[in-house]
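Colleague: I have a model open and would like to go through its packing with you. Could you take my questions as they come?

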Amino acid sequence: MVSREDRGAAPSRVPLVDETASIIRERIYTHRYPTGSWLRQEHLSAELGVSRTPLREALRLLEQEGLVKVTAGQGAQVITGDLDTLLDAYRLRAVVDGLAARLAAENNRGAASRHLRRAIEVQRSTVDPWAPRDYTESNVDFHEHVLHLSRNEFVLGQLPILRMTAQVFAPVALVRPESARRAIAEHSAIADAIEAGDGPAAERLARAHIETTITELERKKKSAAEDAS
């Protein structure tokens, strides 16, 4: 809930926009606002306790991140996770994750990679018994750590695409225990390359990791097209 003090203070306009966007963003990530749902300004304004102006600006910010689509006269809609959208997002992820892993390896100071190992251990603990929500969170943690280890502000600027693919679209790209085990093994190999300071290997492994998902999505798209014909 945005505070009443913030609502009444003109100098807090930008922080109010950022805070409002942060609340809506987190609710999209946690599926309180599911993919494809409409975000009606009158409802959001009452629910969050903010006026229409900062709310509109917050929605524009989220549109720039690719989380919502604003249509004149209709309002804002949480982006839908259709296969074409997923493919576009993961193709960008392959490039970003590969670059981040390379930079992380080149910047490696040893101790920093401990965060990666902890994330991997948490992931392993979610497989048996299978806890898909916890696995998804630990998966995001691992990839976020890699991006942060890149120490590149432009790479870090791509964090929204990571959370979009791994959290917002998670119900569409349904994760199973067997695919989780494969991903954990791939994460371990990426962490090994980063710890070894092997930039080319880290980039190759990180890209291949995402390209596995791309291949699966392309297979689903082809199968759907064949069923429709």
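Colleague: How are helix 5 and helix 9 oriented to each other?
Modeller: This is a predicted model. In it, helix 5 (residues 83-107) and helix 9 (residues 159-168) pack at an angle of about 130°; angles from 115 to 145 degrees count as oblique, and the two helices are therefore oblique to each other.

Colleague: How far apart are their axes, and what is the hand of the crossing?
Modeller: The axes of helix 5 and helix 9 lie 10 Å apart, and helix 5 passes helix 9 in a left-handed crossing.

Colleague: Which residues meet there?
Modeller: From helix 5, A89, Y90, L92 and R93 meet I161, L162 and T165 of helix 9. By class, this contact has 5 nonpolar, 1 polar and 1 charged residues.

Colleague: Turning to the sheet, what is the strand order?
Modeller: The sheet is open, with 3 strands in the order 1-3-2 and antiparallel pairing. Strand 1 (38-39) and strand 2 (68-71) each have a single partner strand, so one side of each lacks a neighbour in the sheet.

Colleague: How many bridges join strand 2 to strand 3?
Modeller: There are 4 bridges between strand 2 and strand 3 (residues 75-78), and V70 stands opposite A76 in strand 3. Helix 4 (residues 52-64) packs on the sheet and touches strand 1, strand 2 and strand 3; its direction makes about 125° with that of strand 2.

Colleague: Where is R182 found, and what does R182 contact?
Modeller: R182 is in helix 10 (residues 177-196). Leaving aside neighbours within four places in sequence, R182 is in contact with T212 and E216. R182 is partly exposed, with a relative accessible area of 28%.

Conventions: Residues numbered from 1 in each chain as written. Predicted model: local features only at pLDDT ≥ 70, side-chain atom pairs only at ≥ 80, totals over all residues. Heavy atoms only, no water. Pairing = 2+ DSSP bridges. Contact = heavy atoms within 4.5 Å. Axes fitted to C-alpha atoms, helices over the stretch in contact; angles between N-to-C directions. Buried < 20%, exposed > 50% of the residue type's maximum accessible area, 1.4 Å probe, protein only. Parallel < 35°, antiparallel > 145°, perpendicular 65-115°, else oblique. Left-handed = near helix turned anticlockwise from the far one by under 90°. Nonpolar A, V, L, I, M, F, W, Y, C, P; charged D, E, K, R; others polar.
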